[in-house]
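The following exercises concern a single protein chain. Please work through each task with the sequence and the model in view before reading its solution.

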Amino acid sequence: MTFVFDPAPQASVAIAGEESRFPVRRIFCVGRNYAAHAREMGKDPERDPPFFFMKPADAVVDATVNSNARIAYPSETENFHYEIELTVAIGKAGRNIPAAQAQDHIFGYATSIDLTRRDLQLAAREKGRPWDWGKAFDRSAPIAALHRVQDVGQRDSGRIWLSLDGETKQDADLQDLIWSTADVISIISHSMELKAGDLIMTGTPAGVGPILPGQIVRGGIEGLDDVVISVTEREGG
C-alpha cells in the first residue's frame with residue numbers, strides 16, 4: 001500500500017516500567033460523572049444519564065513527573081481549565097459487554113488531565129452544538145504512564161486529586177463516580193465496538209478551574225503515577 005504523503009506517527013502512551021508503549025486508537029470521555037462536579041456545572045446528577053464526547057488520539061501528551069511536559073496556553077480561549085481524571089485503557093475488543101465482564105477488557109489505568117477551553121465549551125453548550133472546539137484541541141489530553149491492571153488491581157476506589165502551583169483544587173475518591181468504570185465500558189460497547197487501544201477518560205470531580213501561563217498542574221490517583229504539566233505562554237506568542 002502506498003500513500004500520497006507519509007501517515008502521521010502512531011499516537012501512544014508510556015507503560016510504567018516498560019520500553020513498549022500502548023498504541024492509542026480513540027479517546028472517549030465521560031461528561032459530568034461526579035455528582036458534585038455536575039452540580040457545579042449547573043446540572044442535576046440524579047437525572048442525567050451518562051453522555052460522551054471524544055478527543056483525537058494525537059491529543060495525548062506524555063506527562064509523567066519526569067517528562068517535563070510543557071503545554072502552551074491554547075489559542076481562542078480566555079478560560080483554560082484543568083480536570084483531573086482516571087483513564088482506563090482497553091486491551092481486549094468487545095461489543096455489548098455486560099458490566100460484570102467489563103473488567104476482562106481492561107489493559108490498565110493512568111492518571112490524566114482533560115484540558116478544556118471552557119469558554120468555547122459553554123458557548124457551544126448554550127447553542128446545543130458539539131463540544132469539539134472546547135475539548136478536542138491539540139495536546140488536550142496529558143496522561144501519565146499506564147499501569148497494567150494485573151500490577152495495580154482494579155481502580156474502583158482511592159483518592160483522586162489535583163493541585164495548581166501546589167494548592168489542592170480537586171480532592172475526591174474514585175468511588176464517588178456516578179457511573180463506574182465497568183458501567184461506562186458496558187454502555188459504550190452497546191453503542192459501538194470497543195477495541196484494543198481505546199482510552200476512556202472517566203470524568204472529573206468538583207473543583208475545576210482556570211490555569212494561567214507559568215502555572216504548574218499536578219494530579220494523582222492512589223496507586224498510580226502522578227501527571228504533571230507546565231503551562232507556557234499562548235501559542236503564537
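The exercises below treat a predicted model, beginning with the whole chain and ending with individual residues.

**Exercise 1. The chain as a whole**

Task: Determine how many helices and strands the chain has, and compare its radius of gyration with the globule rule.

Solution. Step one is to count the elements: there are five helices and 18 strands. Step two is the comparison. The radius of gyration is 17 Å, and the globule rule gives 18 Å for 237 residues; the two are close, so the chain is as compact as a globular protein of that length. Step three adds the extent of the C-alpha trace, which spans about 50 × 45 × 35 Å along its principal axes. Step four turns to burial and contacts. Of the 237 residues, 51% are buried. Among contacts between residues at least 6 apart in sequence, 77% join residues at least 24 apart.

**Exercise 2. Surface and charge**

Task: Describe the accessible surface of the chain and the distribution of its charged side chains.

Solution. The accessible surface comes to about 11,200 Å², and carbon and sulfur atoms account for 48% of that area. For charge, the side chains divide into 25 positive and 34 negative ones. The centres of these two sets lie 4 Å apart.

**Exercise 3. Aromatic rings**

Task: Classify the geometry of the pair formed by Tyr 73 and Phe 80, and state whether these residues are buried or exposed.

Solution. The chain holds five aromatic pairs in total. In the pair of Tyr 73 and Phe 80, the distance is 5.2 Å centre to centre and the angle between the planes is 70°. Ring centres within 6.5 Å make a pair, and planes over 60 degrees apart count as edge-to-face; the pair of Tyr 73 and Phe 80 is therefore edge-to-face. Both residues are buried. Elsewhere, Phe 51, Phe 53 and Trp 131 form one aromatic cluster.

**Exercise 4. The surroundings of helix H5**

Task: Establish how many residues of helix H5 (residues 181-189) are buried, and identify strands that cover them.

Solution. Seven of the nine residues of H5 are buried, and the helix is mostly covered. The buried residues are Thr 181, Ala 182, Val 184, Ile 185, Ser 186, Ile 188 and Ser 189. Their cover includes strands E3 (27-31), E4 (51-55), E8 (84-90), E9 (106-113) and E15 (199-201).

**Exercise 5. The environment of Val 13**

Task: Decide whether Val 13 is buried or exposed, and list what it touches beyond four places away in sequence.

Solution. Val 13 belongs to strand E1 (residues 12-14). Its relative accessible area is 1%; buried means under 20%, so Val 13 is buried. Beyond four places in sequence, Val 13 touches Arg 21, Phe 22, Val 24, Val 60, Asp 62, Ile 143, Ala 144, Leu 146 and Leu 199. The C-alpha atoms of Val 13 and Ala 110 are separated by 9.6 Å, although these residues are 97 residues apart along the chain.

**Exercise 6. Positive phi values**

Task: Locate Glu 76 and Arg 139, and give the phi and the accessibility class of Glu 76 and of Arg 139.

Solution. Most residues other than glycine have a negative phi. Glu 76 has a positive phi, near 65°, and lies in the loop between strand E6 (70-73) and strand E7 (80-82). At 54% relative accessibility, Glu 76 counts as exposed. Arg 139 also has a positive phi, near 60°, and is found in the loop between helix H3 (132-135) and strand E11 (141-143). At 36% relative accessibility, Arg 139 counts as partly exposed.

Conventions. Residues numbered from 1 in each chain as written. Predicted model: local features only at pLDDT ≥ 70, side-chain atom pairs only at ≥ 80, totals over all residues. Heavy atoms only, no water. Helix = DSSP H or I, 4+ residues; strand = E, 2+ residues; numbered from the N terminus. Rg over C-alpha atoms; globule rule 2.2 N^0.38 Å. Buried < 20%, exposed > 50% of the residue type's maximum accessible area, 1.4 Å probe, protein only. Contact = heavy atoms within 4.5 Å. Areas by Shrake-Rupley, 256 points an atom, 1.4 Å probe, with all protein chains shown as cover. Lys, Arg positive; Asp, Glu negative; His and termini not counted. Charge placed at Lys NZ, Arg CZ, Asp CG, Glu CD. Phe/Tyr/Trp six-rings, centres within 6.5 Å; stacked < 30°, edge-to-face > 60°.
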